[in-house]
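Subject: Structure for you to look through

Dear colleague,

I am handing over the structure below, and I would be glad if you kept it open while you read the notes that follow it.

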Amino acid sequence: MDHDTFRSLGHQAIDWIADYWQHLADRPVAPLVEPGTVRAQLPTTPPEYGEDFPALLSDLERIVLPGLLHWQHPRFFGYFPANASGPAVLAELLSAGLGVQGMNWNTSPACTEVEQQMLDWFVHLLGLPEHFRGGGVIQDTASSAVLVALLTALHRASAGRTRDHGTGECGYRVYLTAETHSAARKAAVITGLGLRAVCEVATDADGAMDAADLAARIQADLAAGLTPLMVVATRGTTSDLSFDPLEDIGPVCRRHGVWLHVDAAYAGVAAVCDELHWVNDGVRYADSYCTNPHKWLLTNFDCDLLWVADPEALVNALSVLPAYLRNPASESGRVTDYRHWQVPLGRRFRALKLWSVLRWYGAEGLRSHIRTGVRHARLFADLVREDDRFTLLAPATLGLVTFRHAGSDTDNRNLLHAINAEGTTFLTHSEKNGTFFLRFATGGTHTEDHHVHEAWRAVQNAVQNAVPRAQH
Ligand code: PLP
């Protein structure tokens, strides 16, 4: 593709995205395809000769769009949001155009240094402990963040032995709760510790980690000759936003030299607002902390921010030095080589989209986006409260409302199915103590008040079709 063709097709591609966003509200939110439908429309063999780019755009429209769940739809209220935004997408395109690899400082100094600056800006923006300055890095996901943290904790606890000998029969213990994201268990599997190393700590009625139970389990494990390695605490759990009490958990970890990883993947970014600073209460105890701008902060996937209190431990845990990557800058000790801070070698210039988002919206714009999401959750919760067929499971926290219809679990499952099949909106579910409930997560980039009202009407209409008349 020559440069002039790229220029003109690039305009078409941007037009296509702008049209897609502009008319998204007219589409059903969720796909109505059966398994295999999309694939059946693709040729069985790859093209032998090149085709025009517009042919791809037309197949995108015809084949792909009907097979997508539209995460950027203004009436998408499922899971947690996965915000995209104009400035983020444009910068993502620029990053792709630059096509740099930022694995070492010398493979693109600006890629490393812009990222360092963004992470330090976020220490300020989120009111994180000052000792995180200089200790930040962008990971692809919160799953990678907990994996990297666990590898570092292992390295620290074993004084480096796990690097050479692996984990073996080491008796390490990782503490979490039933509400902790599955990524922490997956990290235990990937590191070779296995699920047998995972110890599930009790929770209180709100689903938050019971620090006294944690302390008791650590004591019992020590008495049994095991080695408490890491506590994974969550500020804003995936299912229903419980907050593990870091002020109580932190001192327990300190007392026993246990690594404290704090997962604030969804909720952490809310701390851009002063009144929501509490989401990060107690983070000063953390050895590592992560949050995802790719959820609720207008930065398209992927972009997880990880900070470690002791970057040297991270680098020592993950650095391997092949001859072909040695260079004077690295050996000078004056630069950061981010390849030692992550699992892959190569790394994209993700900081560019973060920089673009910050410059376009400013801190004030980010606050306004978070506050809109919080307001929408309260608005929806008020609508639920006014309808006595429904119960709120908890007051709306941040951008999440958890609720259920008065009918049985089966009624609620049928209700969710009917809501999503109708297409106006999209919600997801979870379970607590074996009880099924619906989740309504706000925070979409393009969501306005009327979309919340429309979603609520869709929920009410679905009751007619999904729930036995006696329950209406
Ligand atoms: N941790 C929490 C609390 C989450 O809510 C999620 C996803 O929703 C994750 C971790 C996993 O996020 P990621 O896709 O960035 O790995």
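Before the helices are described, one term is needed: the axis of a helix is a line fitted to its C-alpha atoms over the stretch in contact, and an angle between two axes runs from 0 to 180 degrees between their N-to-C directions. Please also keep in mind that this is a predicted model.

With that term in hand, helix α6 (residues 142-157) and helix α8 (residues 182-190) can be described as packing at an angle of about 45 degrees, with their axes 9 Å apart. Angles that are neither under 35 degrees, nor over 145, nor from 65 to 115 count as oblique, and α6 and α8 are therefore oblique to each other. The crossing in which α6 passes α8 is right-handed. On the α6 side the contact is made by Ala 142, Ser 143, Val 146, Leu 147 and Leu 150, which meet Ala 183, Ala 184, Lys 186, Ala 187 and Ile 190 of α8. Sorted by kind, the residues of this contact are eight nonpolar, one polar and one charged.

A second pair of helices is formed by α4 (residues 86-98) and α14 (residues 351-385), whose axes come within 8 Å and cross at roughly 145 degrees. Here, too, the crossing is described as right-handed, with α4 passing α14. Among the residues that α4 brings to this contact are Pro 87, Leu 90 and Leu 94, while those from α14 include Leu 352, Trp 355 and Trp 360. The contact of α4 with α14 divides into nine nonpolar, two polar and two charged residues.

Turning to the strands, it helps to recall that strands of a sheet pair through backbone hydrogen bonds, either parallel or antiparallel. One open sheet has seven strands, which lie in the order β1-β7-β6-β5-β4-β2-β3 with mixed pairing. At its edges are β1 (136-139) and β3 (198-200), each of which pairs on one side only, and from one strand to the next the twist averages 20 degrees. Within this sheet, β5 (residues 259-263) and β6 (residues 288-291) pair in the parallel sense over three bridges, and Val 262 stands opposite Tyr 289 in β6. Helix α9 (residues 211-223) packs on the sheet, where it touches β2 (172-176), β3 and β4 (227-234), and its direction makes about 160 degrees with that of β4.

Another open sheet is made of four strands in the order β8-β9-β11-β10, and its pairing is antiparallel. Its edge strands, each pairing on one side only, are β8 (390-392) and β10 (428-432), and the twist averages 40 degrees from one strand to the next. Three bridges join β8 to β9 (residues 400-405), and these two strands run antiparallel; the bridge partner of Thr 391 is Arg 404 in β9. Helix α14 packs on this sheet, touching β8, β9 and β11 (435-441), with its direction at about 15 degrees to that of β9. Helix α15 (residues 409-422) lies across β9, β10 and β11, and runs at about 30 degrees to β11.

Finally, which residues come nearest to the ligand? Of the 15 residues around it, these are Thr 141, Ser 143, His 181, Thr 238 and Ala 265, and the shell around the ligand divides into five nonpolar, eight polar and two charged residues. Ser 143 is a residue to look at twice, since Ser 143 is also listed among the residues of α6 that meet α8.

With best wishes

Terms used
Residues numbered from 1 in each chain as written. Predicted model: local features only at pLDDT ≥ 70, side-chain atom pairs only at ≥ 80, totals over all residues. Near = placed C-beta within 6 Å. Nonpolar A, V, L, I, M, F, W, Y, C, P; charged D, E, K, R; others polar. Pairing = 2+ DSSP bridges. Contact = placed C-beta atoms within 7 Å. Left-handed = near helix turned anticlockwise from the far one by under 90°.
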